[in-house]
Amino acid sequence: MTKTLLKGGRVVDPANGRDGAFDVLIDGDRIARVGRDVPVDAGTKVIEIPSGLVICPGLIDMHVHLREPGQEHKETVATGTASAVAGGFTAVACMPNTNPVNDNAGVTEYILKKAAEANLARVYPIGAVSRGQKGEELADIAELKQAGCVAVTDDGHPIATAMLMRRALEYTTMFHLPVIEHCEEQTLKGDGVAHEGFHASALGLRGIPGEAESIMALRDISLAELTRGVVHIAHMSARQTLDAVRWGKTRGARVTCEVTPHHFVLTDEMLGAPIAYDTNVKMNPPLRETADRDAMLAGIKDGSVDVIATDHAPHHYDEKRVEFDRAPFGIVGLETCVSLCFDRLVHSGVVSLARIVELLSVNPSRILNVPGGSLAEGAPADISILAPDLRVTVSAARMKSKSRNTPFDGWQLRGGVAATFVGGRAVFVNENVSIDL
Amino acid sequence: MNKDLLGIGDLTRDEIYAILDTAEAMREIGQRAIKKVPTLRGKTIVNLFYEPSTRTRTSFEIAEKRLSADTLNIAAAQSSVLKGETLADTALTIEAMQPDMIVLRHASSGAGHLLSRICRSRIINAGDGTHEHPTQALLDAFTIREHKKRIEGLKVTIVGDLLHSRVLRSNAILLTALGAHVWICGPSTLVPAGIDRLGVRVSTIVDEAVADADVIMMLRIQQERMHGAFLPSLREYFVTFGMTAARVARAKPDVIIMHPGPMNRGVEIASEVADGPYSVILEQVANGVAVRMAVLYMLGGGQDGD
């Protein structure tokens with residue numbers, strides 16, 4: 001087995017209490033040793049990591065849409081995982097709203113086969129809660145777990161009845177699977193397309209109040225208490241939802257939550273400017289108002305938020321080039337996440353880099369119960385090398401994703417990705433950073 | 001002037017007044033024996049209507065013909081939509097035939113903005129979803145100014161379905177920009193969130209809203225609003241918000257009553273008011289042609305009309 005030493009650089013590994021200058025020795029696909037002045041034998045390849053770069057456990061995006069099978073014109077497992085590693089992610093968990101829905105072992109196995117062929121980021125499929133994501137009867141969850149699913153969700157189709165959610169939470173306790181909920185009370189959301197507030201009102205866009213999200217979060221947290229099940233609140237956007245999560249945690253409910261970069265960076269002001277009715281600011285949940293955005297930042301800072309996930313939602317150019325109310329919800333996020341976290345959270349002083357590693361690596365690995373989140377000796381050598389001071393200009397045209405639907409095109413941000421290692425293998429190297437591999 | 005007229009926000013105060021002043025001259029053309037001037041001769045204007053519309057489409061078409069433009073009406077809802085063509089592709093297809101202006105009516109808010117980004121032609125918004133209907137607000141301002149000789153300082157009360165009205169948004173923006181005190185009034189289920197940030201006073205008490213008003217503008221109530229539980233019944237709406245002679249009596253003695261049409265008699269407005277001495281509803285229709293001529297002239301014939 002080949003050995004590689006990452007020499008120099010700042011190791012940020014909160015799971016092992018490390019933050020400082022360390023060498024990382026990789027032996028094959030595992031981490032062999034982390035320490036100062038690690039001795040090397042003759043056959044070991046030494047990679048000098050320029051000072052200023054950060055070595056951390058591989059980032060895990062626990063909320064992405066890879067679109068395969070069924071919507072390969074938007075994204076495939078291959079292009080989605082290429083996008084992931086370019087964004088510094090060594091693993092992604094993919095949502096089941098494919099066509100057919102990932103509600104059976106056949107689809108799960110198909111996704112895993114495609115991931116093995118692509119051989120880039122690790123892919124953890126998430127199965128459906130209900131058969132066909134129809135919200136009527138439970139999917140074969142034991143079978144999904146057996147096939148490799150790490151959680152269940154009806155993402156995109158919130159679980160409408162409290163009874164089905166109760167059963168899902170009860171049933172999954174047997175398999176230690178979290179139920180990930182896209183919280184949205186459907187009758188309150190109605191045919192809304194944007195956050196209910198001044199901007200939607202002025203533009204004549206139908207509104208979705210924050211309460212459409214928080215009402216269902218409160219229901220699910222209460223049901224998690226009732227059942228001792230594990231609920232994870234996906235892409236939280238409203239300040240009321242964050243309060244609900246805090247309430248649940250205080251009561252000891254088994255609840256965690258995630259926030260997307262766009263919900264801690266953007267607000268509904270984007271609906272009108274700089275590009276009025278830009279379908280790349282149409283997502284679900286919608287961009288909310290400043291008080292909500294600031295609440296998300298506060299939750300990230302005070303620890304109420306467990307995870308940052310992108311809700312990477314690729315859509316084809318043709319699908320987004322339509323009237324605002326006809327466009328599909330969602331934006332791509334894998335290749336902008338790290339830069340937005342550095343620029344808006346670390347350099348602006350909201351949180352430390354170690355906390356970012358918790359949000360993007362340690363906590364997702366813990367919640368999904370998957371390897372990673374740590375540079376412990378013997379752990380898989382899934383490593384992200386980040387460049388905190390790299391000047392990045394976001395270019396949608398140069399993204400590895402098959403889709404280009406981002407509101408961040410042209411943004412100048414400080415901080416980016418230098419290289420990504422999966423199983424000890426360099427699967428991405430940023431040509432703008434000088435690392436000699 | 002901007003390339004397009006998508007909303008009142010595209011116009012400065014001076015441009016609004018310039019349109020109103022030009023409309024005065026345009027109205028005179030309509031009173032001649034031969035109602036036609038060569039101003040837009042050789043210009044092609046496409047009226048692209050994705051929603052059924054009689055009054056706005058007819059008004060634009062007459063305005064275009066009086067200015068000698070070549071006009072083409074496309075009722076898109078009956079043609080390309082059924083074949084699955086997108087709005088962008090329909091617009092580009094029309095563009096390929098080199099029109100100078102496209103007048104667009106569409107059920108989606110912001111449809112004109114989409115066209116504006118992909119078309120070279122000037123886009124005039126003839127009503128987009130629940131967003132704006134700028135030429136309606138301009139003709140309303142023209143009508144108000146004709147009666148009151150000013151707009152600044154007037155109390156204008158707009159009553160009806162505020163949530164779904166593009167006429168409301170355009171009028172609120174235009175009239176507040178010109179210094180009117182705009183009150184908007186309707187059932188609390190139909191008040192758009194945060195709309196007071198447009199600089200308007202929001203009330204759900206019609207008697208308070210119309211008190212001492214110089215202008216009362218009614219908005220249409222649509223039958224289907226009962227389905228979203230916005231209203232219990234049209235009968236209850238009329239009792240609570242309908243414009244009756246008794247309510248009109250609370251306004252200034254020289255109040256004018258406006259309605260963009262089409263009216264629901266006995267729902268938002270009593271016939272005695274619609275047909276009464278204060279009503280300027282048919283004048284609005286007449287002024288619509290003059291104001292649209294002014295807009296077409298200033299966008300299409302003014303600067304590059306040679």
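Start with chain A and select β5, β4, β1 and β6: these 4 strands form an open sheet, in the order β5-β4-β1-β6, with mixed pairing. What you have on screen is a predicted model. Look at the two edges, β5 (30-35) and β6 (45-48) of chain A: each has a single partner strand, so one side of each is left without a neighbour in the sheet. From one strand to the next, the twist averages 20°.

Now zoom in on one pair. Strand β4 (residues 23-27) of chain A runs antiparallel to β5(A), and the two are paired over 5 bridges. Pick Asp27(A) and you will find Arg30(A) of β5(A) standing opposite.

Follow the chain out of β5(A) and stop at Asp37(A), which is found in the loop between β5 and β6 of chain A. Check the backbone here: phi is near 50°, a positive value in a residue other than glycine. Is Asp37(A) buried or exposed? Asp37(A) counts as exposed, because it has 9 C-beta neighbours inside 10 Å, and the exposed class takes in residues with 12 or fewer.

For a comparison partner, jump to Asp311(A), in the loop between β17 (307-308) and α11 (317-320) of chain A. Phi of Asp311(A) is positive too, near 55°, and again the residue is not a glycine. Its surroundings are another matter: Asp311(A) is buried, with 28 other C-beta atoms within 10 Å.

Next, select β8, β9 and β10 of chain A. They make an open sheet of 3 strands in the order β8-β9-β10, and the pairing is parallel. The edge strands, β8 (59-64) and β10 (122-125) of chain A, each pair on one side only. Neighbouring strands in this sheet are turned against each other by 20° on average, direction ignored. Between β8(A) and strand β9 (residues 89-94) of chain A, the parallel pairing covers 4 bridges. One residue pair to label is Val64(A) with its bridge partner in β9(A), Cys94(A).

Keep that sheet displayed and add two helices. Helix α1 (residues 77-86) of chain A lies across β8, β9 and β10, running at about 135° to β9(A). Helix α13 (residues 353-368) of chain A also lies across β8, β9 and β10, and runs at about 60° to β8(A).

Two peptide bonds deserve a click. In the loop between β8 and α1 of chain A sits Pro69(A), joined to Glu68(A) by a cis peptide bond with omega of about 5°. Then go to Pro285(A), in the loop between α9 (261-265) and α10 (290-302) of chain A. The bond from Asn284(A) to Pro285(A) is cis as well, with omega near 0°.

Now select helix α4 (residues 162-172) of chain A and colour its buried residues: Met165(A), Ala168(A), Leu169(A) and Thr172(A). They lie on the same side of α4(A), because they cover an arc of only 95° around the axis. This spacing has a simple background: an α-helix has 3.6 residues a turn, so residues three or four places apart point the same way. To see what covers the buried residues of α4(A), show α3 (141-147), β11 (152-153), β12 (179-181), α7 (211-227) and β15 (231-233) of chain A, among others.

Finish where the chains meet: 20 residues of chain B are in contact with 17 residues of chain A. On the chain B side, α3 (87-95), α4 (111-118) and α6 (166-177) are the elements that give two or more residues, and α4(B) gives the most, with 3 residues. Colour this side of chain B by residue class and you get 8 nonpolar, 9 polar and 3 charged.

Conventions
Residues numbered from 1 in each chain as written. Chains lettered and ligands numbered in written order. Predicted model: local features only at pLDDT ≥ 70, side-chain atom pairs only at ≥ 80, totals over all residues. Buried ≥ 20, exposed ≤ 12 C-beta atoms within 10 Å, placed from the backbone. Arc of directions from axis to C-beta. Contact = placed C-beta atoms within 7 Å. Pairing = 2+ DSSP bridges. Axes fitted to C-alpha atoms, helices over the stretch in contact; angles between N-to-C directions. Nonpolar A, V, L, I, M, F, W, Y, C, P; charged D, E, K, R; others polar.
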